[in-house]
Amino acid sequence: MTSRDHREVITVADPAALATTAADRLMARIDANSGRIATCLAGGSSPKRLYQLLATASYRSRIPWSRMHWFIGDERFVPTDNPLNNMAMARKTFLDQCAPPSNVHAIPTDAASPDESARRYQDELKSFYGAASLDPAKPLFDLVLMGVGPDGHTASLFPGDPAVDETERWVVGVAKAHVEPFVPRVTLTLPVLASCREMLFEVSGPEKHAILTRVLGGENLPASRAQSAFETIWLVDRAALPENFRGK
Ligand code: 6PG
């Protein structure tokens with residue numbers, strides 16, 4: 001089912017089906033690329049089940065870990081031993097047991113400030129990409145995982161924050177978060193997140209019903225504006241699905 005602006009909405013029964021469907025989409029991206037594969041992970045709670053699944057035998061044995069590189073779309077500017085740290089969650093859930101450490105590209109929260117951290121991560125992304133500007137025909141990422149917050153934020157791009165309109169810098173510091181956890185953030189910007197073969201939103205639970213209705217209704221929110229140059233998929237479980245998408 002495609003919304004007005006070419007975002008595809010895929011509905012699944014529950015959180016377990018959400019994780020399995022997301023894992024299978026990652027596997028399809030892997031099958032489509034015989035070279036180096038770059039995945040941009042999401043923070044928050046929604047992707048955790050997917051991460052757990054990737055560490056299970058049924059997926060782990062099929063993933064070419066030496067060709068896989070793992071980035072993160074945003075980070076809470078807290079030390080890596082802080083439970084709020086997004087990449088620390090991903091490391092603990094699957095990366096530490098599966099991925100070569102040099103293939104895990106975390107946002108450096110040991111920097112003097114979120115802006116300094118952003119500069120360093122931008123340098124790392126550009127060196128990985130091999131150019132200082134993005135070529136629309138050569139996406140940086142194979143897959144970008146995303147979530148949506150209750151206010152319509154995605155990554156750490158909050159409604160009304162100038163970071164949402166950033167078009168030059170690839171990564172920016174965000175001094176003030178608009179929702180919990182109220183810690184400074186570092187986030188990739190929309191043009192960089194869009195540089196992917198597939199952008200995959202995972203959205204689950206009745207608490208996301210209201211914001212999903214607004215986002216898929218076309219309201220001008222960061223999560224609405226986040227789109228891939230190629231494929232944008234909203235993977236939604238039944239509990240989160242807006243009325244006007246039910247039964248379609
Ligand atoms: C973060 C995330 C953020 C998240 C949404 C949804 O650092 O918090 O990157 O953008 O994706 O807030 O969070 P949940 O998945 O926990 O609902």
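A polar contact here is a pair of N or O atoms within 3.5 Å. By that cut-off, the side chain of Lys 208 makes such a contact with the ligand, because one of its N or O atoms is 2.6 Å from a ligand oxygen atom. The model is predicted. The ligand sits in the largest pocket, and the protein covers 87% of the 420 Å² of accessible area that the ligand has on its own.

**Ligand shell**

- There are 15 residues around the ligand.
- Ser 45, Ser 46, Asp 74, Ala 155 and Lys 208 come nearest.
- By class, the shell holds 9 polar, 4 charged and 2 nonpolar residues.

**Polar contacts to ligand oxygen**

- Ser 45 places a side-chain N or O atom 2.6 Å from an oxygen atom of the ligand.
- Asp 74 has a polar side-chain atom 2.6 Å from an oxygen atom of the ligand.
- For Lys 208, the distance from a side-chain N or O atom to a ligand oxygen is 2.6 Å.

**Salt bridges**

- Side chains of opposite charge can pair when their charged atoms come close.
- The count of salt bridges comes to 9.
- One of them joins Arg 25 to Glu 198, with the closest N and O atoms 2.6 Å apart.
- This pair links distant parts of the chain, 173 residues apart.
- Arg 25 belongs to helix H1 (residues 15-31), while Glu 198 belongs to strand E8 (residues 196-203).

Terms used. Residues numbered from 1 in each chain as written. Predicted model: local features only at pLDDT ≥ 70, side-chain atom pairs only at ≥ 80, totals over all residues. Heavy atoms only, no water. Near = heavy atom within 4 Å. Polar contact = N/O pair within 3.5 Å; in protein donor to acceptor, adjacent residues only side chain to side chain. Areas by Shrake-Rupley, 256 points an atom, 1.4 Å probe, with all protein chains shown as cover. 1 Å grid on protein atoms, 1.4 Å probe; cavity = no way out; pocket = protein on both sides within 12 Å on 5 of 7 lines; lining within 4 Å. Sits in = over half its atoms within 2 Å of the grid points. Nonpolar A, V, L, I, M, F, W, Y, C, P; charged D, E, K, R; others polar. Salt bridge = Lys/Arg side-chain N within 4 Å of Asp/Glu carboxyl O. Helix = DSSP H or I, 4+ residues; strand = E, 2+ residues; numbered from the N terminus.
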